Every structure is written in C-alpha cells, then in structure tokens.
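The following exercises concern the packing of helices. Please work through each task before reading its solution.

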Amino acid sequence: MPSGFEEIPHTADVALRVWGNDLKELFANAARGLAWLMADPETVQPEKEIRVDLSAPDEETLLVTWLGELIYLNERDGVVFTEFDLEEVTPTHLRGTARGGRAGEFRRFVKAATFSGLTIRPTGHGLETTITFDV
Amino acid sequence: MVEKKDFRRVDKYIWELPKETRPDMRVPARLFASAEMLDSAFRDRTVEQLINTATLPGILKYAMAMPDFHEGYGFPIGGVAAMDAKTGVISPGGVGYDINCGVRLMASHLEKEEVAPYLRDLTNALYRACPSGVGEPGRIRISPRELDELVVQGAKWALRRGQAREEDLAHTEEEGTLPGADPSKVSARARERGGDQIGSLGAGNHFLEIDVVEEIYDPEVARAFGLRENQVVVQIHCGSRGFGHQICDDYVKSLQTAIQKYGITIPDRELVCAPIDSPEGRAYYGAMACAVNYAFVNRQVLAMGVREAFRDVLQGKVRNFDLYQVYDVAHNIAKFEEHEIDGKRVRVCVHRKGATRAFGPGRPEVPTAYRDVGQPVLVPGSMGTESYVLVGTDRAMEISFGSTCHGAGRVMSRSQALKKIWGPDLKRELEEQGLVIRAGSTKGLAEEAPAAYKNVSQVVEVVHGAGLARKVARLRPLAVIKG
C-alpha cells in the first residue's frame, strides 16, 4: 500500500486512516487512498485531466465534497483519478488538478464518502483523519 | 466505555441500555439478540452508534437494533428509530446511501426437478437480461422528463410503460409508490447518475438468485403467500443505484448547516438531520421519496427481465414458465406510519436502516391477499446460504414499530474476507455444492463470502423467538448472479 493512508477494519464498509503534513497533502493522500480502494493504481494510465474548484463551510465537509466529486466522476466516466496537483487547500476551498484514466484492474465500486466519525485532527507531524466509505 | 454488564436483560432476546448510560441519550437503547450474539455487538461500533441514535430529537420509546446488527455509518445496520412526526427529526444517516435497497421475491409454478436441466441456461439468460456490475447501463432508457414522472409515480409509471402487472403493484410495499416525492428537490447530479441505471443490479452485496423452497414452517401462511415445498422461486436484491447514493450524499452535506440553524447537537456528523416539519426536512423527504420510487421501479423492471429470461429458456419445455410476485420490501427507508404508543395512536416517521417492515395481520398497509395472516418479510442469507420468508406479527407492532431484521449481517470486514478467502476457490467450493454462479468479479465474490456473515438461521431464530416475525419458509439457492 502506498504511504499517506492505510485501510483500517470496518465490519460492513471500508475505512481509511489518512495523514499528511498539511491540508494539501492530507486531501491528496485521501484521494490516492480512494483510488487504491477502487482499483490497482499501477494499472491506470492518467490520460484525462480535470480542473477542480470546490467550496464548503468547513474542512471535513470540504474533504467529503472533494472525495464525492471523484466518486461521481468515476461513476459517470469510469475514470479512476490517481495524480493530484492541489494548488490551494484551505478549510473552506480547494483548487487544483486531478489526472486519471480507466483502470486495468478495477477493485470495487465506492458509493460515497461518509461523515461517519469524521474529524481532521492535528498530530505531532501534521494532520490525520479516518474516512469511512460506503461500498 | 459501555460493557455487556451495562445491559439489562428485558427478556430472553431483548437487551436494554438505560437512558442514563450517556447524558445525551433521550431514550433507552435496545438490542435484539441471543446471549451469544450480544458479544458481537462489542467487536465493532454497533453499541456506540445505537447510543448515538438514541440522542436524536423526537425519538420515541427506544433506539433499536435488530439481530442482524453491525457497525454502519450514522445508525448501526439493523437500526430502527421512530420519530414523532410533529417534534422529531429526519436523518439521511438513518436511511443510508442506498435508499430503498430491498428485496423482491417471485415464485414460479415449477418444481426444482423441472428447472434442473435448464438451470445453467437460465442463469446465463438472467445474467444477460439483468445487467449487473459497475458501469453497466440498465434495461431501459428514459428521458429527463420521464425520470421526473418515474420518481413521482413509482411502480405506477412502470405499469403504464408495460413494465409491470397490476398484481405486482398490489404485492409491493407502499404498492410501489411512496407519496410525497418531489423531483424539484433532486440535484442535477443525482439525475445524471440515475438516468441510465433503471433496471440494473449494481455491485457490492446486490444479487439475483434462483432458489428452491426447502422447508415450510407454517403451511397456512405459506399457502396464502403462494409458496410450497420444492417450488422454484427468484429473489432480486438491489436499490436506487447512483440516484439514491447522490441524493443521500447531497443531503448529508447540505443538512450540516441545518443542524446549526435549528440548534441540534449530534454526536456524529453522519447523523445530520433536520426537523421533519421544516423546509430542510421536507426537502430531504421529498428527494428521498424520489429515490424510494426509483428503487421500486428498478426492481420492477428487473422482475420483467427475469420473466423474459424464464420465457426465453423454458418456453415449450415446461408447462408454465410464468412467475408471480410474492412481495417486495424495502430495507433502507424513512416513512410515515401510525403506531400505538402507550395507548395512543401516534403519527411517526420510522427510520429503518438495514431493517424491514414486518406488519402484523389486519393492518391496512398489508395487501388484501395477505391481510388475514400478516405482511411477508423477506430475509436473504449470505451468498450460497439459505434465505427465509417470514410473516409480520402483532408482537412486532408492540415492540419494534412493526420492524424486523433484513439479512444475515456482516461479522467480517471486506479486507479480512479478501485476506482469508480466495475468490476462485470459493467459486469452486460453491459450485461443488451444486450452485451455479455468474459473477462479474471473483474479488467481489470473496468479499461477500458466507464466512463474512452471521449465520442467517441464528438471526432468524432470534427474530422468531423474540416475536419480531414468524418463520414461514426456508429457501435454498440453486443459482446466484452477482455484479
């Protein structure tokens, strides 16, 4: 598993612990974690690029909105996003680029990113959170 | 930290946590379980999520978890909560993302031996007729205007389009149309996700199964349901697809600000909610009802696909290839019902998340053909294991707002299942037992392995023993189709 996230046990759905030095890294790692849940990222040719500009009232809602955007695009276009250049991530605004493509090995369909127990916490090294996905 | 000793045993199968367990609880919490099963509630966040549910404004009597309980998000799975329709809240986290995920049971006129020679052909024909898996479009195409009509009219729309029979509607919860659907409360994104998925199973734990009625427990009720031993039947398990997922996603986000506006404190943000009688609460209900109707139509269109596959394979080979609908039940839903509480009739909004309505005899909501015996309850087991047909009881009306379990309930996470079970091995094992399997992915198969679930028979024994529903028939799978 790549660094920046790890899968943690959840009886029915799937959950990831995600960490990063700052919001920008945390959000990019969460998106990489989502891609890893959906597919083997090694089998994705990142040939499609999209611009993302999202707002939300707080950082947890922004994180759910960001992951929800990628889940929606996956269902609509079949694209798994694996590369992220996030130019700006504040607690209420995210702006950047995501690149992805169709996966050679698709792992599972993710329905949604949930707010279940979701809190972005400061740690000695930066930030950390746990995200539960409905699958 | 709540422990087993904090629970008071109300009777053999009811365990109660007093309201004083946590200061923010408004009502006690009740778990329906055998003594052995109760231990499993402490292996994940079931108890914590049940306590959280007990904090919601307007909750009446108890926050409850049916015997197939396990950790979910917001409510636990198996969660039931009835809110006062005047003073309570409605919560998308109490319904879930797959709004009106549910089960339909169709019965054939055929014996197992009549179908056996054609089972493989039939399974392949069903696999072709009922699209499953990720990214597969559904059986029918509709315009955006038709989608608006479909989500308001539900199964009536399907009837008009030649995708249903009158008697299918009569044997569907709410007759396949939940009132109050408001398409103006559904986002463009939800419409886009749902537009081409009508008549598709999806992935995950959704399935289509050919079963045989292996045992009848209650001959009188079984006769009323049109079920007999050795009869071939079909189960369809799926929901509202991307349409429902997006509606839940939209409202869990947008209601985050409503809780501040109404001064509601919640212990978990997934339990976000709004007063039922508020613009935000009405908007969610209107959108959720659209997804409920979408799911009824989805299963209805798939049912026509099942009939088509039976006709294509069995015409000229058997005496009668037709299938009639026994019942269709929702297990992720919030709806308005009248219940008797402390001697008074009260209008409540019952949230059932991974729980099934189980109304007893005499209720007007139960179809005429079943009104003397009670509502059919469909409890699918895990893949390859038995399923049950139950009947609703008066006791369920008294102790669980007419609700019961919805399935086996998971005990093992998907990643654990993937570590322990190798999909191709499992497929071979099930095939050696005589089961025909068509699955889009062997990984998906491993995640849904029987070992990842509680034993459905034990769950049903608790349900039967507690009086939440009564056993009518047990089904054994012959063929399974999964996305």
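**Exercise 1: a helix pair in chain B**

Task: in this predicted model, determine how helix H10 (residues 241-261) of chain B is oriented relative to helix H11 (residues 279-314) of chain B, and classify their contact.

Solution. The two axes come within 9 Å and cross at roughly 170°. Angles over 145 degrees count as roughly antiparallel, so H10(B) is roughly antiparallel to H11(B). From H10(B), the residues in contact include B:Phe243, B:Ile247, B:Tyr251 and B:Leu255, and H11(B) contributes, among others, B:Tyr284, B:Met288 and B:Tyr294. By class, this contact has 11 nonpolar, 2 polar and 2 charged residues.

**Exercise 2: the span of a helix in chain A**

Task: compare the expected span of helix H2 (residues 59-77) of chain A with the distance between its end C-alpha atoms.

Solution. H2(A) has 19 residues, and at 1.5 Å a residue it should span 27 Å. The end C-alpha atoms are 27 Å apart, which agrees. Buried residues of H2(A) include A:Leu62, A:Trp66, A:Leu70 and A:Asn74. After the helix comes A:Gly78, with a positive phi near 75°.

**Exercise 3: a helix pair across chains**

Task: describe how H2(A) packs with H10(B).

Solution. Their axes come within 11 Å and cross at roughly 165°, so H2(A) is roughly antiparallel to H10(B). The crossing is left-handed. A:Thr61, A:Val64, A:Thr65, A:Gly68 and A:Glu75 of H2(A) meet B:Gly242, B:Asp249, B:Lys253 and B:Gln256 of H10(B). By class, this contact has 1 nonpolar, 5 polar and 3 charged residues.

Terms used
Residues numbered from 1 in each chain as written. Chains lettered and ligands numbered in written order. Predicted model: local features only at pLDDT ≥ 70, side-chain atom pairs only at ≥ 80, totals over all residues. Axes fitted to C-alpha atoms, helices over the stretch in contact; angles between N-to-C directions. Helix = DSSP H or I, 4+ residues; strand = E, 2+ residues; numbered from the N terminus. Parallel < 35°, antiparallel > 145°, perpendicular 65-115°, else oblique. Contact = placed C-beta atoms within 7 Å. Nonpolar A, V, L, I, M, F, W, Y, C, P; charged D, E, K, R; others polar. Expected span 1.5 Å × (residues − 1). Buried ≥ 20, exposed ≤ 12 C-beta atoms within 10 Å, placed from the backbone. Left-handed = near helix turned anticlockwise from the far one by under 90°.
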